[in-house]
Amino acid sequence: MNPGQTAGRPGRKSIAAAALLATLISGQAWAAKREFEMNIEDTRITLVEKQQFHTFAFAGQVPGPLFHVDEGDDMEVKVNNMTALPHTIHWHGMLQRGTWKMDGVPDVTQEGIKPGDSFTYKFKAEPSGTMWYHCHVNVNEHVALRGMWGPFIVKPKAPTALEKRVTKDFILMLSDWDSKWANKPGFGGLPGDKFDYFTINGRAYPDTEPLRITKGDVVRIRLIGAGDLVHSIHIHGHAFKIAFKDGFPLPQPITGDTVLVGPGERYDLIFEADNPGRWMVHDHVDSHTMNGDRPHGGLMTVIEYTEVKSDDAFYPWNKRVPKPNFYYQDSLKKGPGIYTNETFQGQAVQ
Amino acid sequence: MNPGQTAGRPGRKSIAAAALLATLISGQAWAAKREFEMNIEDTRITLVEKQQFHTFAFAGQVPGPLFHVDEGDDMEVKVNNMTALPHTIHWHGMLQRGTWKMDGVPDVTQEGIKPGDSFTYKFKAEPSGTMWYHCHVNVNEHVALRGMWGPFIVKPKAPTALEKRVTKDFILMLSDWDSKWANKPGFGGLPGDKFDYFTINGRAYPDTEPLRITKGDVVRIRLIGAGDLVHSIHIHGHAFKIAFKDGFPLPQPITGDTVLVGPGERYDLIFEADNPGRWMVHDHVDSHTMNGDRPHGGLMTVIEYTEVKSDDAFYPWNKRVPKPNFYYQDSLKKGPGIYTNETFQGQAVQ
Amino acid sequence: MNPGQTAGRPGRKSIAAAALLATLISGQAWAAKREFEMNIEDTRITLVEKQQFHTFAFAGQVPGPLFHVDEGDDMEVKVNNMTALPHTIHWHGMLQRGTWKMDGVPDVTQEGIKPGDSFTYKFKAEPSGTMWYHCHVNVNEHVALRGMWGPFIVKPKAPTALEKRVTKDFILMLSDWDSKWANKPGFGGLPGDKFDYFTINGRAYPDTEPLRITKGDVVRIRLIGAGDLVHSIHIHGHAFKIAFKDGFPLPQPITGDTVLVGPGERYDLIFEADNPGRWMVHDHVDSHTMNGDRPHGGLMTVIEYTEVKSDDAFYPWNKRVPKPNFYYQDSLKKGPGIYTNETFQGQAVQ
């Protein structure tokens, strides 16, 4: 979205806000002020063509808008609760030094934001790295089943040598859904519930998008465990370096082809694009590659090298026009800002 | 308890034993002899006010007594089985060099201790670190559902520079419970069972206790995976160093804000208390923050800085008088010894 | 099997192939050519005496034959699909540099191999380490429930100092089974299914085999997560070094007594055999030590030191004649080759 706009579903009164960039002096260094206004809205999203889920969507989209800011920036995010249930936002990974009342935990740091009410979160963006945000009210439902999460990337003042080399940067938020509660907002997320849909950025294969890269690229995959289950992510055709955990660089990167991602954890994988082909990226928990009771779906996508034609008759994506920015890769290139994304917009629930 | 006493429920015949400290020369160094006698008793504990569980409790408490001993100490623990089912004790992490018959595995290193029988475990406390003990008979029931576990901390002869700086030391044992089998001792713990209660040191939020710290503290959180499920523990407001795994120092600590703890694993997290506030500590597996079908409970607690008042009207713990020693922090300060804890005592089952 | 033979169930027409060793010059170095022909066959295996599972077994065995080859070897594996459903083979961990069409993913790198059809996989064995292979069609059923996996070990050209010291080398493939779908090939592996059998190399305790070692050995345990669940493997009486992940040496090995193994992951543990005794090796997920609803089974085995007699009356394995090569330890000693194993042969399904 453009600066000066508010994030919400176009055409609704909820749309009215701001991603204004101002600069001000903070200590010795310049820190930008990032202002944003965001509605939480009853929204319906559709997985693999037919399975609908009622969500409480940030700015009407799942995942929520990307916050891509510089380390040390001053955040000011006004949240308007347009739903019928209380919510908060926890900025997962933010240290909130001196601002614990901005940590977004209901009954501990603040009261839940009541339906119709607003709350403005003010805090400094630190530390740097792959962070995220999510509601902290009844997380078993609001996070696990209602899509209340989005990516929050803080650009480091002092990037590592390895990350400086990155040419393609992708964000993959991993989630699990339970169709039993799909259309019962305010309910669900009980112990023993079975999850039957599994998504990357809110979409299940074959509705995910290819990760398009070119030989010579240095690729960064930012995995965010946004759901309720542990995922074992395997990338074909490459060995990657596990370079960052929870935003922090590992003292020495660990090499592998599979990484276990727990709820709340983030792993940044970095690898050289040196092997043109068509390569699966998927959860090796086999039952997470399902769409309901149909196999070969769920938490899967494909790395496509631009050098390789996608025209094999057997390839389901052989005529696909990739949707732009599905992994926020274009937004990340644009530099700091707060980015909504048409691709993730759901349908208003009246 | 005082030296010379036995650990069991006060007022029962089972109470009769000893935590005598003797010293004797072992090789070149002095090693203390730690003697203890402990009953295993049918005991009822109550979670979140109303959910009762029948346990086979060590010394009538869940978790069991803390063993806090020096590396190299000679342990001698007499166990009296007062229940109607066989048991053993496995000292998880102890190397048992030259004493494999003391490893406590039924049918492999010993016969199960029959009802009414006793067995004395004799072994050297090595290596150092965060260890634990648990029954090894029918672990799917006795460990997963009957509270048969306790902490075992071995003080190192040569502590690391980082751990020397610790000023507050907390033990958090993580467990899962299934109310379906709560009052059917001898049964339960089947594949596919659903766990519906989730505890820290045998209590579910809001019955857990705050972790009270002060700015300037160096805090150590000893996580012990004592249950059946993987937990993804997130601490708000701080980045921690994962300093030890299974009692051993990592060659280079890894920094993060969330750590995946598998059954049997231990992780020692160390961080600087530099950010006064009220901070959540919880499992990021959302469905583990439930008490049965009620949200906002289970595997959660709060770090409270002493600098911050707890009087917000919305804060459920605003008038709470913390129970002492819930995280064994006071016992750990007292130095080596074997410590029972009134807080963890259950109710005798006749 | 001998070179010149084909891998399949003896006495069936499917038996006809080759593990020929040829050598050819590849760049500056000599690389062997490893040719093999392997059927996929409807096969019945039996767990703990009575629970049968219909599998689609590689060469009629579960796990499949061991591929033990040198780094850089040229692989040529012809696969004949004798079952009624399509299959592929994905060589998990192989980089497939320049050979992405050999990666074995249906609808992405090739069409599924139809019933009655064959496909020949040609690729270079790189990188080195503990790898594995499995079907990639409907993995929720074919991998999770039908035994379509086997070990693939690539000997490094430049072994690490630590692995050079290894004297006993064991492969343990970890899997989970669901008896509900045992005899319904073509079905099963749905979200929410409960797994009720848990195996090491396709056998559940007490049908697993002891790991026989001798004081002075340097022991390598290669754990392969071949199933659908996360396993938390605990070894008694020893601290091990986690030396390799997914075939790659860790920059600095991590010491522990328990390791979390996710689906698809591999961990190579190395330890000194310095503590004669009888020591459990088991999953610390308590419910994974079950055989159906019977406790004390599943994912367990015992390390037996040869110095220690196994004649205790209470020890279930006191009169056991170990089956050779259950952990592929004898095959691994023989050097590069492709090894079938009578022990793992199932029963033909007509």
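A salt bridge here is a side-chain nitrogen of Lys or Arg within 4 Å of a carboxyl oxygen of Asp or Glu. Keep that in mind as we look at two interfaces in this predicted model: one inside chain A, the other between chains C and B.

**Inside chain A**

Chain A splits into domain 1 (21-160 + 343-348) and domain 2 (163-323). Their centres, taken over C-alpha atoms, lie 22 Å apart. Where the domains meet, 40 residues of domain 1 of chain A touch 44 residues of domain 2 of chain A. On the domain 1 side, Val48(A), Thr130(A) and Thr160(A) supply 21% of the area buried against domain 2, more than any other three residues.

What about charges and polar groups? Between these two domains of chain A, the rule turns up zero salt bridges. It does find 18 residue pairs in polar contact, both residues at pLDDT 80 or more. The elements of chain A that give two or more residues to the domain 1 side are strand 2 (29-47), strand 3 (51-58), strand 8 (129-134), helix 1 (139-142) and strand 9 (149-155). Strand 3 of chain A gives the most, with six residues. By class, this side has 21 nonpolar, 14 polar and five charged residues.

**Between chains C and B**

Now for the chains. A turn of 120° with a shift of 0.0 Å along the axis lays chain C on chain B with an RMSD of 0.0 Å. The two copies are therefore related as by a three-fold rotation axis. They use different surfaces, though: 7% of the contact residues of chain C recur in chain B.

In this interface, 46 residues of chain C are in contact with 42 residues of chain B. His284(C), Asp286(C) and Phe314(C) lose the most area to chain B, together 18% of what the chain C side buries.

Chains C and B have two salt bridges between them. One of these pairs Asp257(C) with Arg266(B), at 2.8 Å from N to O. There are also 21 residue pairs in polar contact across the interface of chains C and B, both residues at pLDDT 80 or more. Strand 16 of chain C gives the largest share of the side that touches chain B, five residues. That side of chain C divides into 21 nonpolar, 17 polar and eight charged residues.

**The buried areas**

| Interface | Buried area | Given by carbon and sulfur atoms |
|---|---|---|
| Domain 1 of chain A and domain 2 of chain A | about 3300 Å² | 63% |
| Chain C and chain B | about 3400 Å² | 62% |

Notes: Residues numbered from 1 in each chain as written. Chains lettered and ligands numbered in written order. Predicted model: local features only at pLDDT ≥ 70, side-chain atom pairs only at ≥ 80, totals over all residues. Heavy atoms only, no water. Domains from an automatic or database assignment. Contact = heavy atoms within 4.5 Å. Buried area = accessible area lost by both parts, 1.4 Å probe. Polar contact = N/O pair within 3.5 Å; in protein donor to acceptor, adjacent residues only side chain to side chain. Helix = DSSP H or I, 4+ residues; strand = E, 2+ residues; numbered from the N terminus. Nonpolar A, V, L, I, M, F, W, Y, C, P; charged D, E, K, R; others polar. Least-squares fit on C-alpha atoms with pLDDT ≥ 70 in both.
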